[in-house]
Amino acid sequence: MKPNVLMTRLLPAALVEQLREHCNLLGPIEALDGSGLPAGAESVEVLLTMSSLPTERALIDALPQLKLVCCYGSGIEFVDTAYLRQKGITLTNAAGTNAASVAEFTLGLMLASNRQIITSDRFLRSGQWLGNSVLRYPLVSGLQGKRLGIYGLGEIGMQIALRAQAFGMEIGYHSRSRKTAAYHYCEDIAQLAEWADILVLAARGTPENYHVADETVLRLLGKEGCLINIARGMLVDENALCSALEQGELAGAALDVYEFEPEISARLLAAPNTILTPHVAANTFSAQHAQQQRMLENVIRYFSGRPLVGSCG
């Protein structure tokens, strides 16, 4: 008899089909508070959830046999990790599986913002191009020689740094631990922002990182600076960001994540010199396939008694 496994939300069809070869897949569920669980949930040892969904005490307590929580994605900020540890429940995620895709997208945001690719497209479509854009369109500085500050030099941050080097950029960083990489190290994000021309946020959405890009950091980044966020929306004080953009105290910002997504404030939507994308940095075939295979592999490993991959709690 196949073991019961519960998914909080409907997973990709290909993954669901593969999982059903190894387990009896229950769910998805409507509530995340432990109410309305399907029959068989009392014997569930594995919970499959999304990194953007709350996985809190009420749901954990409603699954008395729970031993493993698998997150689809790299984030774990909405999981009550302390409570899982208290109960001896293992947590895994898909860290690293989307690093290359997110890094690619980050460079795309940097190029689009710094080289004004989107506004150039609008310039042409509006009929303003009369054959010599050099005379009609402002010059930009480009990426070569720019200082790129990366806040969070984990797997994604390192992939960003490697790609940025190919553009002739100087790399600086701040991370929880000092790395062996020969990049300029800054003691904190304030020092990093003051040093950098472009500041990329690539750190986890932890309580310590809440609004870490605040008014002070944005002011230190300066009038010629640009902020890129591909981490989590909670890292940015959006009111401070909007003020900096509105007052010309920041050259631009490119965001793929937002504090209350999918809700985006009208003020942010109206802010000048911004590029806003709908949390799609990891939306490549390779990244999604790798995330699905990580979850599938951990389910198989768990029920066969083998060590798990990507255990983070």
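This briefing covers the overall build, salt bridges, two contact-rich residues and backbone exceptions of one protein chain. The model is predicted. The chain contains 12 helices and 12 strands. Its radius of gyration is 22 Å, close to the 20 Å that the globule rule gives for 313 residues, so the chain is as compact as a globular protein of that length.

**Overall dimensions, surface and charge**

- The C-alpha trace spans about 75 × 45 × 35 Å along its principal axes.
- Of the 313 residues, 46% count as buried.
- About 15,300 Å² of the protein chain is exposed, and carbon and sulfur atoms supply 52% of that area.
- Taking contacts between residues at least 6 apart in sequence, 58% join residues at least 24 apart.
- The chain carries 25 positive and 31 negative charges, and the mean positions of these two sets are 5 Å apart.

**Salt bridges**

- The structure holds 8 salt bridges, including the three described here.
- Glu77 pairs with Arg232, with 2.2 Å between the closest N and O atoms. Glu77 sits in the loop between strand E4 (68-72) and helix H3 (81-87), and Arg232 sits in the loop between strand E10 (226-229) and helix H10 (238-246), so this pair ties together parts that are 155 residues apart in sequence.
- The two partners of that bridge fall into separate accessibility classes because the cut-off for buried is under 20% relative accessible area. Glu77 is partly exposed at 21%, whereas Arg232 counts as buried at 18%.
- Arg125 and Asp121 meet in a salt bridge with an N to O distance of 2.8 Å. Both residues belong to helix H5 (residues 117-125) and are 4 residues apart, about one turn of the helix. Arg125 is exposed, with a relative accessible area of 66%, while Asp121 is partly exposed at 34%.
- Arg219 and Glu215 form another salt bridge, in which the closest N and O atoms are 3.8 Å apart. Their spacing is again 4 residues, about one turn, with both in helix H9 (residues 215-221). Arg219 is exposed at 52% relative accessible area, and Glu215 counts as exposed at 55%.

**Met7 and Thr8**

- Met7 is in strand E1 (residues 4-7). The next residue discussed, Thr8, is in the loop between E1 and helix H1 (13-19).
- Met7 counts as buried, with 0% relative accessibility. Thr8 is buried too, with a relative accessible area of 1%.
- Beyond its neighbours within four places in sequence, Met7 is in contact with Val16, Leu25, Leu26, Gly27, Pro28, Ile29 and Leu48.
- With the same exclusion of neighbours within four places, Thr8 is in contact with Pro28, Ile29, Leu32, Leu47, Leu48, Thr49, Met50, Leu53 and Leu59.
- Pro28, Ile29 and Leu48 therefore appear in both contact sets, where contact means heavy atoms within 4.5 Å.
- Met7 and Cys70 are 63 residues apart in sequence, and their C-alpha atoms are 9.4 Å apart in space.

**Cis peptide bonds**

- The peptide bond from Gly27 to Pro28 is cis, with omega near 5°. Pro28 lies in the loop between strand E2 (24-26) and strand E3 (46-50). Both Gly27 and Pro28 are among the contacts of Met7, and Pro28 is also one of the contacts of Thr8.
- Glu261 and Pro262 are joined by a cis peptide bond with omega of about 10°. Pro262 is found in the loop between strand E11 (252-255) and helix H11 (266-270).

**Positive phi outside glycine**

- His211 is not a glycine, yet has a positive phi of about 50°. His211 lies in the loop between strand E9 (198-201) and H9, the helix that holds Arg219 and Glu215.
- His279 likewise has a positive phi, of about 55°, without being a glycine. The place of His279 is the loop between strand E12 (274-276) and helix H12 (285-304).
- His279 is partly exposed, with a relative accessible area of 34%.

Definitions and conventions
Residues are numbered from 1 along each chain as its sequence is written. This is a predicted model: local features need pLDDT of at least 70, side-chain atom pairs count only at pLDDT 80 or more; totals for chains, interfaces and linings use all residues. Side-chain values use heavy atoms; hydrogens and water are left out. Helices (H or I, at least four residues) and strands (E, at least two) are DSSP runs, numbered from the N terminus. The radius of gyration is taken over C-alpha atoms; the globule rule is 2.2 Å times the number of residues to the power 0.38. Buried means under 20% relative accessible area, exposed over 50%, partly exposed in between (1.4 Å probe, protein chains only). Accessible areas come from the Shrake-Rupley method with a 1.4 Å probe; for residues, only the protein chains shown count as cover. Lys and Arg count as positive and Asp and Glu as negative; His and the chain ends are not counted. The place of a charge is taken as NZ of Lys, CZ of Arg, CG of Asp or CD of Glu. A salt bridge is a side-chain nitrogen of Lys or Arg within 4 Å of a carboxyl oxygen of Asp or Glu.
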